[in-house]
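Please go through the structure shown below alongside the text. The walk begins at one side chain and then turns to the strands.

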Amino acid sequence: NWMTRALHDTWGRPAALRLLQLGAVERVVSLEREDWLGAPRREVTSVFARPLRVYDVPAPLPRALLVEGARVVSDEEGYQALAREALDPRLWVLLDGGRPQPPGPDAPGAVRPVERRADRLVYEVEARRAAWLVVQESWSAGWVARVDGRRQALRRANLLFRAVAVPAGRHAVE
């Protein structure tokens, strides 16, 4: 529920936009005018006295990406970094454990979704260097990750999401 609290506390400010982008949120539906999100994509008459407005979130993160830079943080440090810092989640992932690592000079590789179901995600990863596959899907302690069929530690990423370490090369990650 920290994301709900953080969005509530920062709504209408740049930090809220960063949090929406971090969560791969593509659209916001609101009864209010949200000028900070730009002009609405669409207004729809509804049962309410005001129309529902649909806004596009500019530049949301993809549902999955490779990130090389890693910071190991406590929940409170992570909350502060995500809500208040200008941390670029395309370069850095905040982890609940593991080794810190600086980002490289360019993107560490590419991710292609293969399968997406409620109980299973499969990606093809082409990594130029060791990196983290960060998936903007809810973290839960029960999830299991496999890289090329071998079980791999799954980390909590950016307080809410999932990450798994992938070595350089082409890999199937599920």
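In this predicted model, glutamine 136 touches Leu22, Gly23, Ala24, Leu61, Pro62, Arg63, Ala64, Leu65 and Phe161, leaving aside residues up to four places away in sequence. Glutamine 136 itself is found in the loop that runs between strand E9 (131-135) and strand E10 (145-147). Is this residue buried or exposed? Its relative accessible area is 2%, and buried means under 20%, so glutamine 136 counts as buried. One of the residues it touches, Pro62, also takes part in a polar contact: the side chain of glutamine 136 reaches the backbone oxygen of proline 62 at 2.9 Å.

Two other residues on that contact list, Leu22 and Ala24, lead to helix H2. This helix covers residues 14-22, and its buried residues are Ala15, Ala16, Leu19, Leu20, Gln21 and Leu22. Leu22 is thus a buried residue of H2 and a contact of glutamine 136. Alanine 24, just after H2, takes a positive phi of about 60°.

The next topic is strand pairing. An open sheet of 3 strands is arranged in the order E1-E3-E2, and the pairing is antiparallel. Which strands stand at the edges of this sheet? They are strand E1 (27-30) and strand E2 (42-44); each has a single partner strand, so one side of each is left without a neighbour in the sheet. From one strand to the next, the twist averages 20°. Within the sheet, E2 pairs with strand E3 (residues 52-56) in the antiparallel sense, over 3 bridges. Glutamate 43 has arginine 53, in E3, as its bridge partner.

Further along the chain, strand E7 (residues 109-117) and strand E8 (residues 120-127) are paired in the antiparallel sense. How many bridges hold this pairing? There are 8 bridges between E7 and E8, and the two strands form a hairpin with 2 residues between them. Proline 113 stands opposite tyrosine 123, which lies in E8.

Strand E8 also pairs with another strand. It is joined by 5 bridges to strand E14 (residues 169-173), and these two run antiparallel. Alanine 127 has glycine 169, in E14, as its bridge partner. Strand E8 therefore has pairings with E7 and with E14, both in the antiparallel sense.

Technical notes. Residues are numbered from 1 along each chain as its sequence is written. This is a predicted model: local features need pLDDT of at least 70, side-chain atom pairs count only at pLDDT 80 or more; totals for chains, interfaces and linings use all residues. Side-chain values use heavy atoms; hydrogens and water are left out. Helices (H or I, at least four residues) and strands (E, at least two) are DSSP runs, numbered from the N terminus. Axes are lines fitted to C-alpha atoms, for helices over the stretch in contact, and angles run from 0 to 180 degrees between N-to-C directions. Buried means under 20% relative accessible area, exposed over 50%, partly exposed in between (1.4 Å probe, protein chains only). A polar contact is a pair of N or O atoms within 3.5 Å; within protein, one must be able to donate a hydrogen and the other to accept it, and residues adjacent in sequence count only if both atoms are side-chain atoms. Contact means heavy atoms within 4.5 Å.
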